[in-house]
Amino acid sequence: MTIDSKDLLNSIMESLGRIDYIHADEIPNIDLYMDQVTTFMEEQLRSSKRYPEDKVMTKTMINNYAKNNLLPPPVKKKYSKQHIFVLIFIYYFKNILSIKDIESLLGPMTEKFFSSKEEIDMEQIYEDICMLEKGRVNELQDEIKRCYDAADELYPDLPEEDRDYLQIFAFICSLSFDVYVKKLLIEKLVDEITPVDTGKKKK
């Protein structure tokens, strides 16, 4: 692939190497009103937006999350640090899972760990997950590079314009297949932890 795709790939690889997350100690320890929550999420997750005009999270979104049982309701119109942890999880999950699946996935966690006195709390769960993901960066860089190199070897005899397009298409398909397979796996795992409907028996 001779067009800007290689420069784009290198840029993405460098970005992956610098990838970070919202650290727990960066989240205010005081309860926040809705406007403060949306401002915080916008500032902290701005780099993840595709277009500048995109909104990370709006008041309507947050109200809908609470209405659909994804997010515990605020207390006296204020959101705690634990609410922010849940909202961050929702922000990433909503790109690949349905609202119902997110509810099934987060429900048991918020029910037991959101405001409990358990040995493990929401903050520790959040930090553990972030560190787990951070540790996969090098592995992801290698995997993406292998996909790119495999696509780059296709169609060597075609005219440059056609070759470039088809190589990029093949690269995208390879990445999409990976996402598709992992999405199927995630959905099956969510189904496993979802209570069975009355009258139905899980195999």
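In the predicted model examined here, F169 has a relative accessibility of 43% and therefore counts as partly exposed, falling between the 20% and 50% limits that separate buried from exposed residues. Its partner Y165, at 55% relative accessibility, lies over the 50% limit and so counts as exposed. Both Y165 and F169 belong to helix α8, which spans residues 160-193, and they are set 4 residues apart, about one turn of the helix. The two side chains form an aromatic pair with a centre-to-centre distance of 6.3 Å and an angle of 25° between the ring planes; because planes under 30 degrees apart count as stacked, this pair is assigned to that class.

A second stacked pair is found in helix α4, which covers residues 81-93 and contains both F89 and F93, again at a spacing of 4 residues, or about one turn of the helix. In total, the structure holds 6 aromatic pairs. For F89 and F93, the ring centres lie 6.3 Å apart and the planes meet at 20°, so the pair is stacked. With respect to solvent accessibility, F89 is buried, since its relative accessible area of 12% is under 20%, whereas F93, at 22%, counts as partly exposed. These two phenylalanines also take part in a wider arrangement, in that F85, F89, F93 and Y126 form one aromatic cluster.

Turning to the packing of helices, the axes of helix α2 (residues 34-44) and helix α3 (residues 59-67) come within 10 Å and cross at roughly 110°. Because this angle falls in the range of 65 to 115 degrees, α2 is described as roughly perpendicular to α3. On the α2 side the contact is made by M34, D35, V37 and T38, while α3 contributes K59, I62 and N63. By residue class, the contact of α2 with α3 comprises 3 nonpolar, 2 polar and 2 charged residues.

The cysteines were considered with regard to covalent cross-linking. A disulfide is a covalent bond between the sulfur atoms of two cysteines. The structure holds 0 disulfides, a count that rests on the requirement that a pair of cysteine sulfur atoms lie within 2.5 Å. As for the accessibility of individual cysteines, C147 has a relative accessible area of 17% and is therefore buried, this value being under 20%. By contrast, C173 reaches 36% relative accessibility and so counts as partly exposed.

How values were computed:
Residues are numbered from 1 along each chain as its sequence is written. This is a predicted model: local features need pLDDT of at least 70, side-chain atom pairs count only at pLDDT 80 or more; totals for chains, interfaces and linings use all residues. Side-chain values use heavy atoms; hydrogens and water are left out. Buried means under 20% relative accessible area, exposed over 50%, partly exposed in between (1.4 Å probe, protein chains only). Axes are lines fitted to C-alpha atoms, for helices over the stretch in contact, and angles run from 0 to 180 degrees between N-to-C directions. Helices (H or I, at least four residues) and strands (E, at least two) are DSSP runs, numbered from the N terminus. Angles under 35 degrees count as roughly parallel, over 145 as roughly antiparallel, 65 to 115 as roughly perpendicular and the rest as oblique. Contact means heavy atoms within 4.5 Å. Ala, Val, Leu, Ile, Met, Phe, Trp, Tyr, Cys and Pro count as nonpolar, Asp, Glu, Lys and Arg as charged, and the others, Gly among them, as polar. Rings of Phe, Tyr and Trp (its six-membered ring) pair if their centres lie within 6.5 Å; planes under 30 degrees apart count as stacked, over 60 as edge-to-face and the rest as tilted.
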